[in-house]
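Trainee: I would like a close look at a single part of this model, together with an account of how that part is placed within the whole. Please give the reasoning behind each assignment where it matters.

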Amino acid sequence: MEQGQLNGLKVWFDDFVAGCYCDDEFVNANLKLKEDHSRRVCDETAHLVDELGLSDGQKIIAETIALLHDVGRFAQFIRYRTYNDPKSVNHSKLSVEVLREAGVLDGIDERERKLIEAAIRYHGEKALPEDLDEQSLFYCKLIRDADKLDVFYVAAKYYRQYRDDPENCKLELEFPDNGKYCPEMVESVFKHRLIDYGELRTLDDMRLLQLGWVYDVNFTATFKRIRQQKFLEEIAGFLPSDEKIEKIKEKVFGYIDSMIARGG
Ligand SMILES: [Fe+2]
């Protein structure tokens, strides 16, 4: 791929997103969230790519994946008014379908197109399939890390907004913020077991799921970025402070620091 092709995809993305907005304020506020998310994931990807010292060619593929990874989110919200995959549709799969239907990646070399599609297809899955080739696996890992970095930013901001002004929070609140969490979620984080979205019942369950994501982070550069940005600390700060939660925080942040120390 060349830079010119990525520039063309940026134009397509802008047009595509502009065409999704409608006269429903609730839908638009949620779509804007994903538009901004996609753009910030591009920035996070550019940061990781620099830290990892990738070639220009690899950088273009990585940025293409970042730009397009969530295009399925727009159709998902318009159709179902939720971003909850188990309650609607697998948005990673839908992203690939949207791109194929519109022929967006048609002009791209087949080998590169397959890498892009694989990374988009699996970016939101709980775990990656075991039979991925080395290159597909690398780009899958990269988008999953960049995506998580921005989800930490968005979640921290969202929890802050909701705490400060719940009445005017236009975004969809999936779960009750009732200060309760499922003890099994804490167990899962302790045991490094990734939590399924279908298991979530409260906003604190969601926060625990987000803490547990650190065990699915792939690159030292990402761990460093998490510590630098401090959004995960902020998310953890919204959890009730009891003994179990304090222990889990210690464990999660201890793990991040150990991974940074190990990576050099
Ligand atoms: Fe996604």
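Mentor: What follows is an account of helix H10 in a predicted model, beginning with the chain as a whole.

The protein chain contains twelve helices and zero strands, and its pattern along the sequence is accordingly α-α-α-α-α-α-α-α-α-α-α-α. Its radius of gyration is 18 Å, close to the 18 Å given by the globule rule for 264 residues, so the chain is as compact as a globular protein of that length. The C-alpha trace extends over about 55 × 50 × 30 Å along its principal axes. Of the 264 residues, 36% count as buried. When contacts between residues at least 6 apart in sequence are considered, 70% of them join residues at least 24 apart.

Two domains divide the chain: domain 1 covers 3–144, and domain 2 covers 175–263. Helix H10, at residues 220–229, falls within the range of domain 2. The centres of the two domains, taken over C-alpha atoms, lie 25 Å apart. Contact between them involves eleven residues of domain 1 and ten residues of domain 2. On the domain 1 side, the elements that supply two or more residues are helix H2 (25–52) and helix H7 (134–164). H2 gives the largest share of that side, with four residues. Sorted by class, the domain 1 side holds five charged, four nonpolar and two polar residues.

Both H2 and H7 return when one asks what surrounds H10. The buried residues of H10 are Ala221, Thr222, Phe223, Arg225 and Ile226. The cover over these residues includes H2 and H7, as well as helix H11 (231–237) and helix H12 (243–263).

The pairing of H7 with H10 can be described in some detail. In general, two packed helices are characterised by the angle between their axes and the distance between the axes. Here the axes of H7 and H10 come within 10 Å and cross at roughly 10 degrees. Angles under 35 degrees count as roughly parallel, and H7 and H10 are therefore roughly parallel to each other. The H7 residues in this contact are Asp145, Leu149, Phe152 and Tyr153, which meet Thr222, Arg225, Ile226 and Gln229 of H10. By class, this contact comprises four nonpolar, two polar and two charged residues. Three of the H10 residues that meet H7, namely Thr222, Arg225 and Ile226, also appear among the buried residues of the helix.

Lys224 also belongs to H10. This residue has 16 other C-beta atoms within 10 Å and is therefore partly exposed, because burial requires 20 or more such atoms and exposure 12 or fewer. Lys224 and Ile260 are 36 residues apart along the chain, yet 6.4 Å separates their C-alpha atoms. The number of Ile260 places this partner within the range of H12, one of the helices that cover the buried residues of H10.

Just after H10 comes Lys230, with a positive phi of about 65 degrees, although this residue is not a glycine. Lys230 lies in the loop between H10 and H11. With 12 other C-beta atoms within 10 Å, Lys230 is exposed, since that class takes in counts of 12 or fewer.

Another part of the chain offers a useful parallel for Lys230. Arg81, likewise not a glycine, has a positive phi near 55 degrees. Arg81 is located in the loop between helix H4 (71–80) and helix H5 (91–101). Its environment places Arg81 in the partly exposed class, with 15 other C-beta atoms within 10 Å.

Helix H5 also contains Val98, which counts as buried with 20 C-beta neighbours inside 10 Å. Leaving aside residues up to four places away in sequence, Val98 touches Val71, Gly72 and Ala75. By number, those three partners fall within H4 (71–80).

To return to H10: its buried residues are covered by elements including H2, H7, H11 and H12, and its axis runs roughly parallel to that of H7.

Conventions. Residues numbered from 1 in each chain as written. Predicted model: local features only at pLDDT ≥ 70, side-chain atom pairs only at ≥ 80, totals over all residues. Domains from an automatic or database assignment. Contact = placed C-beta atoms within 7 Å. Nonpolar A, V, L, I, M, F, W, Y, C, P; charged D, E, K, R; others polar. Rg over C-alpha atoms; globule rule 2.2 N^0.38 Å. Axes fitted to C-alpha atoms, helices over the stretch in contact; angles between N-to-C directions. Parallel < 35°, antiparallel > 145°, perpendicular 65-115°, else oblique.
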